[in-house]
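This report examines side-chain contacts, surface character and model confidence for the structure shown below. Please consult the sequence and coordinates alongside the text.

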Amino acid sequence: KMSEDEGLTTGLKSIWGLVGQIPSRGIFVAQFFGTTTLNSFVFGSLGGFLGQTVLGTGPLLPFLAGSWVGFSLSCVYVWKRDTESAIALSNRYPALL
């Protein structure tokens with residue numbers, strides 16, 4: 001069974017298949033920008049909507065606050081995910097260290 005991260009990596013490789021081998025740094029940067037951008041937009045939109053309807057204020061400041069929260073949470077998520085991946089790979093291939 002393929003995990004979500006493996007599916008994303010496979011999808012990125014198939015998109016850029018004409019280029020050749022994609023460096024791991026490029027995959028990391030694409031995953032980081034994709035994750036943080038999407039979460040920032042979703043949290044910002046939700047914050048703007050709630051600010052407009054519930055608080056009765058304009059949507060700009062709640063959107064900015066929601067975007068900040070979404071970006072911060074997604075940075076923590078990416079950090080935890082990659083830390084767990086690095087630890088698992090170091091346990092699997094100790095000779096590389």
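## A salt bridge on helix α3

R81 is buried, because its relative accessible area of 12% falls under the 20% limit for that class. This arginine is listed among the buried residues of α3. The side chain of R81 meets that of D82 in a salt bridge, with an N to O distance of 3.4 Å. D82, by contrast, counts as partly exposed, at 25% relative accessibility. The model is a predicted one, and the count of salt bridges in it comes to 1. Side chains of opposite charge can pair when their charged atoms come close.

## Extent and burial of helix α3

Helix α3 covers residues 60–92, 33 residues in total. From its first C-alpha to its last it reaches 47 Å, which is close to the 48 Å expected at 1.5 Å a residue.

Which residues of α3 are buried? They are P62, G66, S67, G70, S74, V78 and R81. Several of these positions lie three or four places apart along the chain, among them P62 and G66, or S74 and V78. An α-helix has 3.6 residues a turn, so residues three or four places apart point the same way.

## The nonpolar surface patch

A nonpolar patch of about 1100 Å² lies on the surface. Its members are L38, F41, V42, F43, L60, L61, F63, L64, W68, V69 and L73. Two elements, α2 (24–53) and α3, each give two or more residues to this patch. The most comes from α3, which gives 7 residues.

F43 is one of the patch residues, and its place is in helix α2. With a relative accessible area of 32%, F43 is partly exposed; this value is also over the 30% required of a patch residue. L64 is a further member of the patch. F43 and L64 are 21 residues apart in sequence, and their C-alpha atoms are 9.2 Å apart in space.

## Aromatic pairs in helix α2

How many aromatic pairs does the structure hold? There are 2. One of them joins F28 and F32 in a stacked arrangement, at 6.3 Å centre to centre and with 20° between the planes. F28 and F32 are separated by about one helical turn, because they are 4 residues apart in helix α2. F28 is partly exposed, with a relative accessible area of 41%, and F32 is likewise partly exposed, at 22%.

F32 also pairs with F33, and this pair is tilted: the ring centres are 6.0 Å apart and the planes are at 55° to each other. F28, F32 and F33 thus belong to one aromatic cluster.

## Confidence of the prediction

The chain has an average pLDDT of 84, and 79% of the residues score at least 70. Where in the chain is confidence lowest, and where is it highest? The lowest value belongs to helix α1 (residues 4–15), with a mean of 61, and the highest to α3, at 93. The salt bridge residue R81 belongs to α3, as do 7 residues of the nonpolar patch, and α3 is the element in which confidence is highest.

Conventions
Residues are numbered from 1 along each chain as its sequence is written. This is a predicted model: local features need pLDDT of at least 70, side-chain atom pairs count only at pLDDT 80 or more; totals for chains, interfaces and linings use all residues. Side-chain values use heavy atoms; hydrogens and water are left out. The expected span of a helix is 1.5 Å times one less than its number of residues. Buried means under 20% relative accessible area, exposed over 50%, partly exposed in between (1.4 Å probe, protein chains only). Patches are made of residues with over 30% relative accessible area and no salt bridge: like charges are joined within 9 Å, nonpolar side chains (Val, Leu, Ile, Met, Phe, Trp, Tyr) within 5 Å. Accessible areas come from the Shrake-Rupley method with a 1.4 Å probe; for residues, only the protein chains shown count as cover. A salt bridge is a side-chain nitrogen of Lys or Arg within 4 Å of a carboxyl oxygen of Asp or Glu. Rings of Phe, Tyr and Trp (its six-membered ring) pair if their centres lie within 6.5 Å; planes under 30 degrees apart count as stacked, over 60 as edge-to-face and the rest as tilted. pLDDT is the predictor's confidence in each residue, from 0 to 100.
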